[in-house]
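Please find below a short note on the aromatic pairs and nonpolar cores of the model under review.

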Amino acid sequence: MAFTLTYIKPGDTVVDATCGTGQDTIALAEAVGKTGKVFAFDIQKKALILTESRLHAHGYSNVDFFMKSFESMGEHIPEGSAAAVIFNLGYLPGGDHSLTTTADATLKGLGEALRAVRPGGIVTVVLYSGHAEGATEKEQVLSWSRGLDPGKYHAAYVNFTNQPNDPPEILWITKK
Ligand SMILES: C[S@@+](CC[C@H](N)C(=O)[O-])C[C@H]1O[C@@H](n2cnc3c(N)ncnc32)[C@H](O)[C@@H]1O
């Protein structure tokens with residue numbers, strides 16, 4: 001998150017594609033400030049309720065929620081308007097593991113994110129390969145990223161070399 005935050009300034013529009021417990025949403029709401037806007041997606045009502053109560057406790061009111069898949073981002077976020085889009089893939093911590101992101105939906109969502117992000121902006125993807133769908137999703141997302149036009153995007157992949165138990169990995173895509 002710290003690296004992603006360097007792409008965001010007060011007044012910006014940003015997207016949390018998978019708000020989950022709201023941990024990332026809070027950091028984004030703080031970064032864009034009162035004059036900015038966070039658009040937060042999740043398919044689970046439970047996640048939206050958790051995130052909304054967390055934001056309320058911190059006094060943030062600069063977040064618009066969508067109980068929808070991130071595949072619908074294009075219906076809500078104007079093209080080239082977002083400084084950052086974040087995908088924290090997988091399932092809700094402590095929640096139903098069957099309600100997880102899937103490779104097919106994530107590839108569609110990433111296409112939407114590249115459309116939504118502005119030149120100079122960043123798409124961040126946190127990948128979890130420790131469960132079956134996550135392993136497939138990671139391979140497909142990385143494969144997709146290798147095919148991105150190098151004239152339009154930089155894509156970088158970061159993983160831990162010394163952490164046990166399939167730690168999270170990060171893909172960053174910046175738009176030129
Ligand atoms: C690992 S959690 C996100 C964690 C979150 N960023 C946080 O800070 O707590 C993944 C979330 O993605 C949601 N999700 C799964 N498929 C989705 C989809 N197609 N569109 C949006 N959210 C989805 C799940 O409901 C779950 O809450």
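Leaving aside neighbours within four places in sequence, with which residues is V125 in contact?

1. The model is a predicted one. In it, V125 is in contact with F87, L89, L110, E169, I170 and L171, once neighbours within four places in sequence are set aside.

2. V125 also ranks among the residues with the most contacts inside the largest nonpolar core, together with V15, M73, V85, F87 and V123. This core has 27 residues. At least two of its residues come from each of strand 2 (37-41), strand 4, helix 4 (103-116), strand 5 (117-127), helix 5 (132-146) and strand 7 (169-175). Helix 4 supplies the largest share, namely five residues.

3. Another core lies apart from the one just described and has 18 residues. Its members include I8, A31, A40 and A83.

4. As regards aromatic rings, a search of the whole structure yields five pairs. One of these joins F70 and F87 in an edge-to-face arrangement, with 5.1 Å centre to centre and 65 degrees between the planes. Since F70 is located in the loop between strand 3 (63-66) and strand 4 (82-88), whereas F87 belongs to strand 4, the pair ties together parts that are 17 residues apart in sequence.

5. Both F70 and F87 are buried. F87 thus deserves attention on several counts: F87 is paired with F70, is in contact with V125, and is listed with the residues that have the most contacts inside the largest nonpolar core.

6. Elsewhere, F3, Y7 and W172 are linked into a cluster by ring pairs.

Definitions and conventions: Residues numbered from 1 in each chain as written. Predicted model: local features only at pLDDT ≥ 70, side-chain atom pairs only at ≥ 80, totals over all residues. Heavy atoms only, no water. Phe/Tyr/Trp six-rings, centres within 6.5 Å; stacked < 30°, edge-to-face > 60°. Helix = DSSP H or I, 4+ residues; strand = E, 2+ residues; numbered from the N terminus. Buried < 20%, exposed > 50% of the residue type's maximum accessible area, 1.4 Å probe, protein only. Core = buried A, V, L, I, M, F, W, Y, C linked by side-chain atoms within 4.5 Å. Contact = heavy atoms within 4.5 Å.
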